[in-house]
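Colleague: Got a minute to go through this one with me? I'd like the interface, then the salt bridges.

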Amino acid sequence: LDFRRHIVVFGEAGSGKSEIAINLAIQLARTGEHVTLVDLDLVKPFLRSRGALEALSKAHVTLVAPEGEHASSDLPILLPQVRSLFQDTQRRIVADVGGSESGMRVIHALKDVIPSDETDFFLVLNSKRPFTDTIEKAVACAKRMLVSPVVKLTGVISNTHLKGETDANMVKEGALFAMEVAERLGIKRILVAGKRKICEELQREGFEMPLLPLDIYISLSFEAKKGRKVGPPFVLR
Amino acid sequence: VRKLMKGAEAIAEAAIRAGCRLFFGYPITPQNEIPEYMSRRLPEVGGCFVQAESEVAASNMIYGAAGTGERVMTSSSSPGISLMMEGISYLAGAELPVVIVNIMRAGPGLGGILPSQGDYFQATKGGGHGDYRLLVLAPWSIQEAYDLVQDAFDLADYYRNPVMVLGDALIGQMMEPCEFREGRKPCKPLDEKKEWAARGYKGGRKRAIINSLFLDPVELEKHNQKLFAKYEEMKKNDVRYACYGSDGECDVLIVAYGTVARVAVRAMEILEEEGVRARLIRPITLFPFPYDAVYDASMKVKFVLCAELSTGQMVEDVRLAVKDHRPVFFYGRQGGMLISPEEIVPEVKELRQKIKEG
């Protein structure tokens, strides 16, 4: 977990930024650091990082996100304290920036307070998502998102998955995909994200790229748990 | 090809792959990703995306475009669908095939932006003025949303009637793997000529007039009966539903549609572990409603529980189906609150106890 002071996580809508931001914040907090997770998702209406409030507070991560009725609104709220949080030199921030290039404009609005050379900017990439499923599309999408001079891309997080259908091979293929994209963008640093179990499997195999094991914090009550199976319908017209 | 799709994106991609090249709409949460996706993809395939100045305008634009016989879609969420109701009634009256997607949010009024199933009445019992019906399809997964949108275009063309795809906000917002199936065959025989469509003379096409105005009462009554015959054919031939769980004698029959049915499946697994036998019937077409299937299924249970994200709408159709032969109970949440499997389980157990005690 060798990062600059702040970590900004961004990427195409649905690439898995929120889940990764939550995991990074919690993993850093477990090493004893004071971490503030700033939910800058001004675009997506729900399934955002503010949905993991309980897990975050348990891990002593401070969550900064709209509260009360505004927590479940679709208003593009940029909380005024975000500016001062970035200016606080004692603080480590993980920022979850939602929603593609339009979502990235919020970073430009904060350009005077984000210390560019003390901040890691990670592009999250899932090659199973429709707008980043070829190298060309992924590179174009990354370039579209670099809307502000303050954003100096430092790394790519490979997050290729198909939810419950993901296996170690898919994660490996995704990592190779991310490597090519990173090369085209002139970036060397790559982290390979995957569910904890898959990361452990890759580690046993001697997979050489740095891994970011994920625990899933934002999920729905009906999503299948291992060991429980949903029977097939016996009548289907 | 298998992709990780957000429901809204899958719906839009399905429409494009079904041959839809025209989309008119107006943004509203939680379905903005449908018009966004369309605005991005339609120009790539030679289509046309127009953001209308309002939902009322969008519903009239789809009227005009559908009049040419092209495949047309609009999408919105609850308050926006209310605004479209005038246009939808005209579309039904003029027998125009369009696909309308409603990703429901909590109401009434502006309500909130979280999931709801509060538009069941509006979708299945009319909604707009006059004597008409929409064929209503309710997916429970992203894959099914993709498949049903493609069927929706065939059904709309076949019946020359608007078809609504009705999903709660989770169907719009959640992500799941989705297969873009190749080589799909239409689910209905299609009339390629579309002689009713206003496509210009082109060296001999008959004059086509698209209209819902019939001032002569004799003609209007005939027209109403023609529409009614279509709805009867839908009831006869296009009822869709799925059953889950045991086919034998059970304690409870759960009736739920959309994502609530997914919650019910999970609840049934817990119930089974705790010795309660449950089955589930999931209407896929809400109009036509699977009255017979619900009745038949209810005959093998002691009681029926209908679960919805509303204060009780589909439960009225469940009661019509069961006809007092079994007690019918209701469990609902509102305001954007979801039902959890852990809520359904004690509800079923409590009801079972009550029934046992008479």
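Modeller: Sure, here is a walk through the contacts, chain by chain. Keep in mind that this is a predicted model.

Colleague: Fine. How many residues does each chain put into the contact?

Modeller: Chain B gives 44 residues and chain A gives 35 residues.

Colleague: And how much area do they bury between them?

Modeller: About 3,500 Å², with 62% of it on carbon and sulfur atoms. On the chain B side, B:Leu4, B:Arg40 and B:Arg266 lose the most area to chain A. Together they account for 20% of what that side buries.

Colleague: How many salt bridges cross the interface of chain B and chain A?

Modeller: The rule finds four. One joins the side chains of B:Glu9 and A:Arg129, at 2.7 Å from N to O. Eight residue pairs are in polar contact across the interface, with both residues at pLDDT 80 or more.

Colleague: Which elements of chain B supply at least two residues of the side that touches chain A?

Modeller: Strands S1 (2-6), S8 (175-179) and S9 (241-245) of chain B each do. So do helices H2 (33-41), H7 (169-173) and H9 (259-273) of chain B. H9(B) has the largest share, eight residues. By class, that side of chain B has 23 nonpolar, six polar and 15 charged residues.

Colleague: Now salt bridges in general. How many over all chains?

Modeller: A search of the whole structure finds 42.

Colleague: Show me one that links distant parts of the chain.

Modeller: Take B:Arg282 and B:Glu144, whose side chains meet at 2.8 Å, N to O. B:Arg282 is in strand S11 (residues 278-283) of chain B, and B:Glu144 is in helix H6 (residues 142-159) of chain B. They are 138 residues apart.

Colleague: Are B:Arg282 and B:Glu144 buried or exposed?

Modeller: Both B:Arg282 and B:Glu144 are buried.

Colleague: What about B:Arg333, what does it form a salt bridge with?

Modeller: B:Glu343, with the closest N and O atoms 2.8 Å apart. B:Arg333 lies in the loop between strand S14 (328-332) and helix H12 (341-356) of chain B, and B:Glu343 lies in helix H12 of chain B, so the pair ties together parts 10 residues apart in sequence. B:Arg333 is partly exposed at 25% relative accessibility. B:Glu343 is buried, at 18% relative accessible area.

Colleague: Which residues are linked in a network of salt bridges?

Modeller: B:Arg71, B:Asp151, B:Asp154, B:Asp157, B:Arg184, B:Lys194 and B:Arg240.

Colleague: Anything in chain A?

Modeller: A:Asp133 forms a salt bridge with A:Lys137, closest N and O atoms 2.8 Å apart. A:Lys137 is partly exposed, at 35% relative accessible area.

Colleague: Switching topic. Where is A:Arg92 found?

Modeller: In strand S4 (residues 92-97) of chain A. A:Arg92 is buried, with a relative accessible area of 9%.

Colleague: Which backbone oxygens lie by its side chain?

Modeller: That of A:Phe3 lies 3.2 Å from a polar atom of the A:Arg92 side chain. The backbone oxygen of A:Arg5 lies 3.0 Å from a polar atom of that side chain. Leaving aside neighbours within four places in sequence, the contacts of A:Arg92 also include A:Leu28, A:Glu33 and A:Val35.

Colleague: Last one. Why do the buried residues of H11(B) line one face of the helix?

Modeller: They are B:Met314, B:Val315, B:Asp317, B:Val318, B:Ala321 and B:Val322. Seen down the axis of H11(B), they fall within an arc of 155 degrees, so they line one face. After H11(B) comes B:Lys323, with a positive phi near 50 degrees.

Notes. Residues are numbered from 1 along each chain as its sequence is written. Chains are lettered from A and ligands numbered from 1 in the order in which they are written. This is a predicted model: local features need pLDDT of at least 70, side-chain atom pairs count only at pLDDT 80 or more; totals for chains, interfaces and linings use all residues. Side-chain values use heavy atoms; hydrogens and water are left out. Contact means heavy atoms within 4.5 Å. Buried area is the accessible area (1.4 Å probe) that two parts lose on being put together, summed over both. A polar contact is a pair of N or O atoms within 3.5 Å; within protein, one must be able to donate a hydrogen and the other to accept it, and residues adjacent in sequence count only if both atoms are side-chain atoms. Helices (H or I, at least four residues) and strands (E, at least two) are DSSP runs, numbered from the N terminus. Ala, Val, Leu, Ile, Met, Phe, Trp, Tyr, Cys and Pro count as nonpolar, Asp, Glu, Lys and Arg as charged, and the others, Gly among them, as polar. Buried means under 20% relative accessible area, exposed over 50%, partly exposed in between (1.4 Å probe, protein chains only). The arc is that of the directions from the helix axis to the C-beta atoms.
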